[in-house]
Amino acid sequence: MNAKDIKAHLALLGAASMWGLMSPVGKAAMEAGVSGLSLANMRMIGAACCFWITSLFVKQEKVNHHDLLMLFFASLLGIVCNQGCFTFGLSLTSPVDASIVTTTMPIVTMILAALFLKEPVTPKKVTGIFLGSVGALVLIMSNQGGGEKEGGILGDALCVMAQVSFACYLTIFKKLIARYNVITLMKWMFTYAAICFIPFSYNDFSSTDWAAFPLEVWLEVGYVVLFGTYVAYILMLVGQKTLRPTVVSMYNYMQPVVGSSVAVLAGMASFGWVKGIAAVLIFTGVYVVTQSKSRAQMLAERNENR
C-alpha cells in the first residue's frame, strides 16, 4: 500500500467517523423540533455556501458543459436522493434501524460495480463484505436498549433508498469525479442539489420558528452541516478518487463503530467482548476487501502470463 492509498483510507475513515456521529446528533436536533426536510435543506444550502466560499481560495477549474450536465445527475443521486431520503427517513425511524440499513450499501455497490464497471465479484470481496456486515449487525444489535423508539416501515424504506442512490453514484460517476478537484465537484453538486430540494422543503423550512431553538440545537445543526456534510464529503471524495467503489462503500461499516465508541466514552454504554468481536469482524472485512483484486489488476496479470 503506497502513500496515496494510505491517505485515501485515512480520508474515508474520517468521513465515516463524521457520518457515524451524524445520526445521533441529527436525531437529537429533530427531536427538538427541526423537521427532517428542513435539516436536509440546511445541509445542502449550507454546504453549497461553504464550498463556494472555499473555491475563492483555491485554483479555479473550468468545467465543460457536458460535465456540468453530468454533475447535475450526480448531485441527484449522491446528494438529493441520498441526503433527502436518509434525513427524512431518520425522522420516521430509529437510529438503530437507520444504522442497520447502512450495512446494505457495500453489497449493492459490489453488484453495481460488477454490472457497470465489470469489476469481478471475487471470493475475497464476498467474504470481506460478509464479515463486515455480520460485525456491523452484531454491534448495532448489542446497542439496542429497551427504551429505543421502534423504527417505521416508511422510514426504513427511505433509508434503503438513500443507500441504493449513493451506491449508484459511487459506481456510475467514478470517472467523472476523477477529472476535477474536490472543491470544484462539490460546489456544483451541492448547488444543483439545493436548487432541486428547496421546492420540496420550503413549506417546512419557512414555517419553523428558528428563533425558539436553544444554542444546543443550533450546535447540532451546525455539526450536521459543517462536519457531517462539508468536511465529510471532501474526505469521501479524496478516498473515492483513489480507491474502488466497493472499498469506499465498506467504510459504511465504520459508522456503527463510531457511534458505539462515542456512547462508551460518554458513559452511555460499556465496552464488552461482544463489541470487541464485532469491531474485529468489521476491520477484518475492510482489510479483506482491500486485498481483493480489481479488474485492472486481473487483466494485467493475465497479460503477463501470456
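The following paragraphs describe the fold, the core and one surface feature of this structure.

The model is predicted. Its chain contains 14 helices and zero strands, so written in order along the sequence, by the definition of helices and strands used here, the pattern is a run of α elements alone. Of the 306 residues in the chain, 51% are buried. Among contacts between residues at least 6 apart in sequence, 93% join residues that are at least 24 apart.

The interior may be considered next. The largest nonpolar core has 65 residues, and Tyr-169, Met-186, Tyr-233 and Met-236 are those with the most contacts inside it. Elements that give two or more residues to this core include helix H1 (3-31), helix H2 (36-55), helix H3 (65-92), helix H7 (153-172), helix H9 (182-207) and helix H10 (215-240). Tyr-233 illustrates these surroundings: leaving aside neighbours within four places in sequence, this residue is in contact with Trp-19, Arg-43, Phe-51, Gly-78, Ile-79, Asn-82, Gln-83, Phe-166, Met-186 and Phe-190.

The description now turns to the surface. The chain exposes about 14,400 Å², and carbon and sulfur atoms supply 69% of that area. On this surface, Ile-107, Ile-111, Leu-115, Phe-116 and Ile-172 make a nonpolar patch of about 470 Å². Helix H5 (residues 105-116) gives the most to the patch, with four residues. Ile-111 lies in helix H5. Because its relative accessibility is 45%, Ile-111 counts as partly exposed, a class that falls between buried, under 20%, and exposed, over 50%.

Note on methods. Residues numbered from 1 in each chain as written. Predicted model: local features only at pLDDT ≥ 70, side-chain atom pairs only at ≥ 80, totals over all residues. Heavy atoms only, no water. Patch = residues over 30% accessible without salt bridge, like charges linked within 9 Å, V, L, I, M, F, W, Y side chains within 5 Å. Areas by Shrake-Rupley, 256 points an atom, 1.4 Å probe, with all protein chains shown as cover. Salt bridge = Lys/Arg side-chain N within 4 Å of Asp/Glu carboxyl O. Buried < 20%, exposed > 50% of the residue type's maximum accessible area, 1.4 Å probe, protein only. Contact = heavy atoms within 4.5 Å. Core = buried A, V, L, I, M, F, W, Y, C linked by side-chain atoms within 4.5 Å.
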